[in-house]
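Q: Got a minute to go through this one with me? I'd like to start with contacts, then move on to the fold.

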Amino acid sequence: MPEIIDFRITLPPREYADPSGEGDQRFSDSDYLANYNRIYTRERGGGPDAAAMIAAMSEAGVDRAVLQAEWAAGDYRAMNDAVHRIVAGYPDVLTGYVTVNPAAGDNMAAVVEEEVRERGAKGVNLQPFSYRVMANDKRFYPLYSKCQELGVPVTIHSSINFSNDRSIAYGRPIVLDEIACDFPDLTIVANHGGWPWVNELVAVAWKHRNVYIEIGAVAPKYIGTPGTGWETLMHYGNTSLLSDRILFATDNMIPFDRAVRELQDLPLKDHVKEGWLGANAARLLAQVEDRLAAL
């Protein structure tokens with residue numbers, strides 16, 4: 001069986017913000033992510049803790065996953081600590097990506113270097129809408145330079161956000177073009193597929209071989225449904241143009257078994273499905289490991 005890799009999962013609530021497991025701090029009714037509770041029902045996948053999440057992955061046939069810290073849920077250093085701890089408990093299953101906060105006043109490039117060199121992080125995740133800072137803001141440039149030097153990817157929220165108090169424009173994929181122009185050897189992963197600017201993201205990835213498209217938090221059946229705005233990705237993602245740079249993910253928003261089943265049902269060539277589901281991610285993760293081993 002071909003390997004299945006979920007390229008973006010996030011911390012279960014009990015592992016970071018809610019030790020009791022009785023709530024979901026990631027989408028608390030008291031914070032700016034509250035509207036996500038209306039958009040994403042309690043069918044979300046993963047379970048309350050790491051053990052439940054790993055069990056759900058295994059039951060769905062997901063072999064490995066990238067566990068990404070996201071500052072959207074609170075203190076970024078605590079998020080990074082939680083990712084480090086959980087990955088250490090499941091080293092054969094999980095790869096850890098850390099995060100930063102441009103408002104914290106820390107040297108973000110130095111934070112990332114320490115996380116990579118000292119604690120084994122393999123990438124960085126950015127949530128521009130959380131910070132109210134565009135991804136091409138020059139405050140991030142030293143971080144991008146450091147990630148390019150280290151050979152680790154940067155994943156960037158590149159899609160709509162559902163927060164009622166900030167613009168969806170923070171997720172415009174067009175800003176990735178400037179970043180890719182300025183850092184041609186930096187691996188950039190556009191989280192969430194770029195909707196409603198799918199054409200824009202496809203154009204950026206067409207132009208830059210170092211840009212990948214990840215489809216987390218989107219039910220694959222909608223990607224394959226005509227009229228939903230995903231037609232360009234379905235077309236070019238099923239050809240040699242982009243088929244090797246599409247990455248399956250759930251973001252813990254879609255149950256693992258449902259997401260795998262729906263992607264397998266998409267009208268894609270068999271070898272393309274294998275690429276989307278895991279082969280593309282496996283190749284990218286192996287490239288990162290090789291780069292880090294050479295440091």
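A: Sure. One term before we begin: a contact here means heavy atoms within 4.5 Å. Also, keep in mind that this is a predicted model.

Q: OK, so what does Phe7 touch?
A: Leaving out residues up to four places away in sequence, Phe7 touches Val66, Gln68, Tyr97, Thr155, Val189, Glu214, Leu247, Phe248, Ala249, Ala281, Leu284 and Leu285.

Q: And which residues have the most contacts inside the largest nonpolar core?
A: Phe7 again, along with Tyr144. That core has 91 residues.

Q: Which element gives the largest share of this core?
A: Helix 12, residues 270-293, with 9 residues.

Q: Switching to the sheet: what order do the strands come in?
A: The order is 1-2-3-4-5-6-7-8, in an open sheet of 8 strands with parallel pairing.

Q: Which strands stand at the edges?
A: Strand 1 (5-9) and strand 8 (246-247). Each has a single partner strand, so one side of each has no neighbour in the sheet.

Q: How many bridges join strand 2 to strand 3?
A: There are 4, between residues 64-68 and residues 94-99. Within that pair, Val66 sits opposite Thr95.

Q: What does helix 7 lie across?
A: Helix 7 (174-182) crosses strand 5 (154-157), strand 6 (188-191) and strand 7 (211-214), at about 170° to strand 6.

Q: Last one: where does pLDDT stay under 50?
A: Over residues 18-25, which have 13 contacts beyond four places in sequence in the model. The chain as a whole averages 91, and 89% of the residues score at least 70.

Note on methods
Residues numbered from 1 in each chain as written. Predicted model: local features only at pLDDT ≥ 70, side-chain atom pairs only at ≥ 80, totals over all residues. Heavy atoms only, no water. Pairing = 2+ DSSP bridges. Helix = DSSP H or I, 4+ residues; strand = E, 2+ residues; numbered from the N terminus. Axes fitted to C-alpha atoms, helices over the stretch in contact; angles between N-to-C directions. pLDDT = per-residue confidence, 0-100. Core = buried A, V, L, I, M, F, W, Y, C linked by side-chain atoms within 4.5 Å. Buried < 20%, exposed > 50% of the residue type's maximum accessible area, 1.4 Å probe, protein only.
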